[in-house]
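Please look at the sequence and the 3D structure shown below, and keep both at hand while reading this report.

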Amino acid sequence: MPAAFEKQSYWHDRFASETSFEWLTSSAAFMDVLTPYLQHIPNSAQILHLGSGTSDLQNHLRRWGFLNVTNIDYEPLALERGQQLESNQFGDVRTKYLVVDATRLELEEKFQVAIDKSTADAIACGEEDAVSSMAKGIWRCLDDDGFWFSLSYSAWRFEHVQDLFEVEVISKVPTPRQKPTDPDIFHYCYLLRPRRQFPGQVCRGAQTSS
Ligand SMILES: C[S@@+](CC[C@H](N)C(=O)[O-])C[C@H]1O[C@@H](n2cnc3c(N)ncnc32)[C@H](O)[C@@H]1O
């Protein structure tokens, strides 16, 4: 049976013993891909980090100078692990950690940047429209000129959200081969920009939670 990546119980059991793990690629390598974009974003920007898990991405964002980082995950143990990783690195915790289901985002705040590393992948393992629900929530809480960066193993991850976002692949990151004869496999770094030009029409579905 494949792992139930969409189920909170899977992550709860996993994080009971896992204190640190990076999906798809290291946070340092992900930050390298994002650097040309992040360098134009002020350090005061509000950043939403979705499905933080036991990654240390928040530490890299903080080291860059971003302190207004809100880390969300639906599994409370992930947030404990995240705080521990930040505290181990900096001696204190200055970014925010909130238990939130990313498919039911109802955040009051507006964000300049949303960022997820393989969280949309986990969510895609669930109900068919789960990624669309995630996208609608992000669309609602992103600034008009905001960005959503997502790293995914799928070349088709955001096919169904193009009414809400302009979707661009900004990097195809080759994965290491085990054998010289292995096929090329990539991870895809997406940049999604909210479409706002027809707020009453194209995005009506995003005005209410689904
Ligand atoms: C594949 S892991 C990625 C973790 C981390 N971003 C990384 O790169 O290592 C998926 C993460 O998303 C979280 N997650 C899955 N579904 C979620 C949901 N509906 N709402 C919030 N978090 C979710 C899981 O608890 C897990 O921490």
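What follows is a short report on the ligand and its surroundings.

The model is predicted, and the description begins with the place where the ligand is found. The space that the ligand takes up is the largest pocket. Two elements each give two or more residues to the shell around the ligand, namely α1, which covers residues 8-17, and α5, which covers residues 119-124. Of the elements, α5 gives the most to this shell, with 3 residues.

How many residues surround the ligand, and which are the closest? There are 20 residues around the ligand, and the closest are G51, D73, D101, A102 and K117. When the residues of this shell are divided by kind, 9 are nonpolar, 7 are polar and 4 are charged.

Some polar atoms of the protein can be paired with atoms of the ligand, as the table shows.

| Residue | Polar atom of the residue | Ligand atom | Distance |
|---|---|---|---|
| F21 | backbone | oxygen | 3.4 Å |
| W23 | backbone N or O | oxygen | 3.0 Å |
| D101 | side chain | nitrogen | 2.9 Å |

Taken alone, the ligand exposes 590 Å², and the protein buries 98% of that area. D101 thus appears twice in this account, since it is among the closest residues to the ligand and has a polar side-chain atom 2.9 Å from a ligand nitrogen.

Turning to the record, an unreviewed UniProt entry lists residues 48-147 as "domain: Methyltransferase type". Over residues 48-147 the chain is 41% helix and 25% strand, while the C-alpha atoms at the two ends are 10 Å apart.

Definitions and conventions: Residues are numbered from 1 along each chain as its sequence is written. This is a predicted model: local features need pLDDT of at least 70, side-chain atom pairs count only at pLDDT 80 or more; totals for chains, interfaces and linings use all residues. Side-chain values use heavy atoms; hydrogens and water are left out. A residue is near a molecule or strand if one of its heavy atoms lies within 4 Å of it. A polar contact is a pair of N or O atoms within 3.5 Å; within protein, one must be able to donate a hydrogen and the other to accept it, and residues adjacent in sequence count only if both atoms are side-chain atoms. Accessible areas come from the Shrake-Rupley method with a 1.4 Å probe; for residues, only the protein chains shown count as cover. On a 1 Å grid over the protein atoms alone, a cavity is a set of points where a 1.4 Å probe fits but cannot get out, and a pocket is an open set with protein on both sides within 12 Å along at least five of seven lines; lining residues have an atom within 4 Å of a point. A molecule sits in a cavity or pocket if more than half of its atoms lie within 2 Å of its grid points. Helices (H or I, at least four residues) and strands (E, at least two) are DSSP runs, numbered from the N terminus. Ala, Val, Leu, Ile, Met, Phe, Trp, Tyr, Cys and Pro count as nonpolar, Asp, Glu, Lys and Arg as charged, and the others, Gly among them, as polar. UniProt positions are given in the numbering used here, feature names are shortened, and annotations may be inferred rather than shown by experiment.
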